[in-house]
Amino acid sequence: MNSQSRTTSLSLTPQVVRRPSVSSRLSSAVSIAERGEAQDRGGVAAQHQIEEEIAKIKRYEDFTTIDWVQDAAREQLRRKARRKRQAGLYGSAQYDWRARIREAYDAAQGWIVVTIIGAAIGLNAAFLNIITEWLADIKLGYCTTHFYLNEDFCCWGEDNAASLVKSYAPYAAGSGISEIKCIIAGFVMKGFLGLWTLIIKSIALPLAIGSGLSVGKEGPSVHYAVCTGNVISRLFAKYRRNASKTREVLSACAAAGVAVAFGSPIGGVLFSLEEMSSYFPLKTLWRSYFCALVATAVLAAMNPFRTGQLVMFQVKYDRSWHFFEVLFYIIIGVFGGLYGAFVMKWNLKAQAFRKKYLSQYAVLEATLLALATAIVCYPNAFLRIDMTESMKILFRECEGAEDYHGLCDHNRRFGNVVSLIMATILRIFFVIISYGCKVPAGIFVPSMAIGASFGRTVGIIVQAIQEANPNSVFFSSCQPDVPCITPGTYAFLGAAAALSGIMHITISVVVIMFELTGALTYILPTMIVVGVTKAVSELFGKGGIADRMIWFSGFPYLDHKEEHNFGVPVSAAMIPDVISIPANGMTLKAVERLLTNDAYQGFPIVEDESSKILLGYIGRTELRYAVDRAKRERTLSPLARCHPLTAHPRLPLETVMELFRKIGPRVILIEHRGRLAGLVTVKDCLKYQFKAEAAEQDLGQHGHLRSHSQQGGGGGGVWVEVMGLTRVMHSGGGGRRRKGRRGFDKGCGGWVSDTVGRVSGEDKAEGFV
């Protein structure tokens with residue numbers, strides 16, 4: 001490149017005259033592989049150095065997705081450079097004990113990280129449990145400290161929690177599970193897992209729980225656990241420079257968060273596998289188990305409740321169940337499914353109302369919610385106490401235990417049934433309006449408390465019926481003069497049903513409840529209840545509250561649990577008009593002008609603008625690095641070394657979505673006979689999915705066929721299906737894109753540019769609301 005001229009042509013690849021045939025490319029690849037073993041180690045080291053320099057300056061843009069393929073290639077290059085370096089040192093004088101220690105440290109770095117993270121999560125969980133219970137004691141009016149605190153301190157908790165969240169860490173609000181699911185899947189949200197969010201979440205969470213709001217700390221425990229993992233892992237270069245490796249650690253942290261929340265390490269691992277992670281290899285499974293084990297062991301050593309139990313509502317059962325009770329277990333399972341569907345529907349309506357009208361009054365809203373909760377709930381004996389303590393009371397057997405509010409008194413059954421029913425209804429109402437307010441808030445324990453109160457109600461009623469009809473054939477399996485019905489087990493199963501109904505999880509709920517009780521005999525009833533809950537929940541739509549919040553916020557998340565059958569090729573969802581870079585003839589100034597547009601995250605490399613023969617792909621960061629290096633060294637080496645994932649235009653859209661789920665590229669280029677035809681991202685697939693769902697809903701409502709517009713990129717198009725053949729009729733002009741059913745407009749608040757070299761500027765980052 002001429003050092004005296006800034007307008008010299010930019011050559012990104014060697015001069016290409018004709019695209020080689022398949023046989024020539026295959027023979028060339030074989031010859032290159034044969035020469036690779038004899039290549040100088042300096043080439044690998046130089047390439048690794050370049051990758052390291054790019055990694056230092058590269059920062060994934062906020063509200064975009066990571067490129068799993070590129071991160072995996074970078075990790076392979078790092079390992080290859082390490083092996084080459086070790087091979088050069090082995091047998092020489094430089095291969096001493098220091099080199100052996102460095103080698104062992106690099107191999108064990110992952111286990112070291114999860115050990116430190118697990119210990120930190122356990123310590124934080126113990127601290128939060130102690131502070132939360134202390135504040136709950138203050139709320140009830142008795143305090144063992146040496147200073148006097150009045151009842152106004154109860155309102156001080158929620159007010160300060162909302163103020164801390166609003167002023168210092170907005171991401172500390174809510175549960176965080178839906179956002180973490182997207183982050184583990186590859187979405188980037190800067191600051192959501194930062195140190196400041198961790199600090200504010202840990203401080204504000206006990207204040208929010210102590211205020212009496214109908215929210216729990218078990219859901220946010222996943223958030224602060226993942227924050228802990230992210231903060232600690234970034235101290236290690238191996239994870240700081242590789243986003244995909246970091247997400248393996250985050251999956252383990254999610255497991256540890258559930259483990260310390262419920263005292264259930266195996267259940268935490270299964271929860272991370274079933275609900276949180278879209279990619280869960282065996283290595284991540286082992287590390288999740290180890291991290292959960294360390295966190296639980298540290299929590300047990302801290303003994304926050306001074307009872308030897310990991311959670312307050314841990315309980316043991318010494319009586320078995322009877323087969324006639326299966327009928328009542330099914331009733332509890334039906335309630336769990338109906339509860340989940342009802343709460344999710346109305347909570348989303350409350351979220352929409354809050355976002356539209358109350359977004360500027362977060363502190364006032366939280367204060368009024370706490371005041372209303374205290375006024376309404378205090379008269380009820382089962383709502384007055386903390387939710388975890390109420391579950392502890394409702395779970396336990398009557399024999400040999402303290403009788404709270406005459407719960408085991410036969411003469412007070414009717415009053416207790418009325419109180420429990422009122423507690424169930426009121427708690428449901430306050431969960432609907434409280435979950436989502438701007439304080440750290442979870443929905444696990446509130447749901448379990450609701451299920452426990454309903455289940456205990458059913459258990460008391462069944463016990464009364466059995467005692468009134470002891471000689472009935474229906475109760476013939478009961479032994480005389482021995483308690484037959486244990487109402488506490490119904491509360492336990494009701495909690496499992498409600499948790500399964502709100503989260504749409506099954507296996508992990510069974511294991512968590514088993515680890516809470518240690519009762520092998522109640523695994524089958526738990527499976528029956530959770531199975532019925534799952535079946536009823538599926539009747540009202542797929543996905544739990546976390547999935548619905550992803551839908552509500554508009555995050556680019558491809559749910560691996562969903563199955564689609566669109567019947568259209570990928571060309572229906574792709575962006576046809578793409579900004580590409582020719583291999584020859586483009587000036588350095590033109591490239592710099594192209595880089596000034598933040599809407600483009602990468603560019604396909606073509607032979608020339610007329611032929612559009614696809615040669616490669618280069619990311620925005622790599623191109624900026626190459627341009628800066630060219631200015632500095634006055635030379636420019638070939639850059640288009642990244643071989644993108646490509647697909648044929650007629651490849652089914654469902655197959656392309658599977659490629660995004662299982663391989664994780666940021667972009668897939670569409671080529672036809674070697675020519676660039678367009679590109680597609682996760683965002684484009686989701687846009688088409690939501691438009692198709694909206695069109696299907698319209699067909700169901702109006703009962704007639706309707707064509708729907710495909711307005712992606714510059715030119716729109718109307719797809720019409722005639723005799724099973726899909727054809728496109730291009731419409732002129734690119735009007736504003738129609739908003740899909742799930743809201744991809746500016747007000748949606750999560751969608752950000754995943755665009756890669758597109759003409760339209762509509763997809764620029766709008767920010768997160």
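Helices are DSSP runs of H or I that span at least four residues, and they are numbered from the N terminus. In the predicted model described here, one such element is helix H12, which covers residues 282–302 and contains Ser288. The chain as a whole holds 26 helices and 11 strands.

Of the 769 residues of the chain, 54% count as buried. The accessible surface amounts to about 34,200 Å², and carbon and sulfur atoms contribute 59% of this area. Among the contacts in the chain with a separation of 6 or more, 77% are made by residues 24 or more positions apart.

Ser288 offers a detailed view of the surroundings of helix H12. The relative accessibility of Ser288 is 0%, and because a residue under 20% is classed as buried, Ser288 falls into that class. When neighbours within four places in sequence are set aside, the contacts of Ser288 are Ser251, Ala252, Ala255, Val269 and Phe280. Ser251 stands 37 residues from Ser288 along the chain, yet the C-alpha atoms of the two residues are separated by 6.9 Å.

Three of these contacts, Ser251, Ala252 and Ala255, belong to the part of helix H10 that meets H12. Helix H10 comprises residues 243–262, and its axis lies 8 Å from that of H12, at an angle of about 40 degrees. H10 is therefore oblique to H12. The crossing of the two helices is right-handed. On the H10 side, the residues at the meeting of the helices include Lys245, Glu248, Ala256, Ala259 and Val260. On the H12 side, Ser288 is accompanied by residues including Lys283, Thr284, Arg287, Cys291, Ala292 and Leu299.

Elsewhere in the chain, an open sheet is built from three strands in the order E2-E4-E5, and its pairing is mixed. Strand E2 (581–582) and strand E5 (614–619) form the edges; each has a single partner strand, so one side of each lacks a neighbour in the sheet. In general, the strands of a sheet pair through backbone hydrogen bonds, in either a parallel or an antiparallel manner. E2 and strand E4 (residues 602–606) run parallel and are joined by two bridges. Ile581 has Ile605 of E4 as its bridge partner.

The sheet is also accompanied by a helix. Helix H24, formed by residues 620–633, lies across E2, E4 and E5, and runs at about 85 degrees to E5.

Methods
Residues numbered from 1 in each chain as written. Predicted model: local features only at pLDDT ≥ 70, side-chain atom pairs only at ≥ 80, totals over all residues. Heavy atoms only, no water. Pairing = 2+ DSSP bridges. Contact = heavy atoms within 4.5 Å. Axes fitted to C-alpha atoms, helices over the stretch in contact; angles between N-to-C directions. Buried < 20%, exposed > 50% of the residue type's maximum accessible area, 1.4 Å probe, protein only. Areas by Shrake-Rupley, 256 points an atom, 1.4 Å probe, with all protein chains shown as cover. Parallel < 35°, antiparallel > 145°, perpendicular 65-115°, else oblique. Left-handed = near helix turned anticlockwise from the far one by under 90°.
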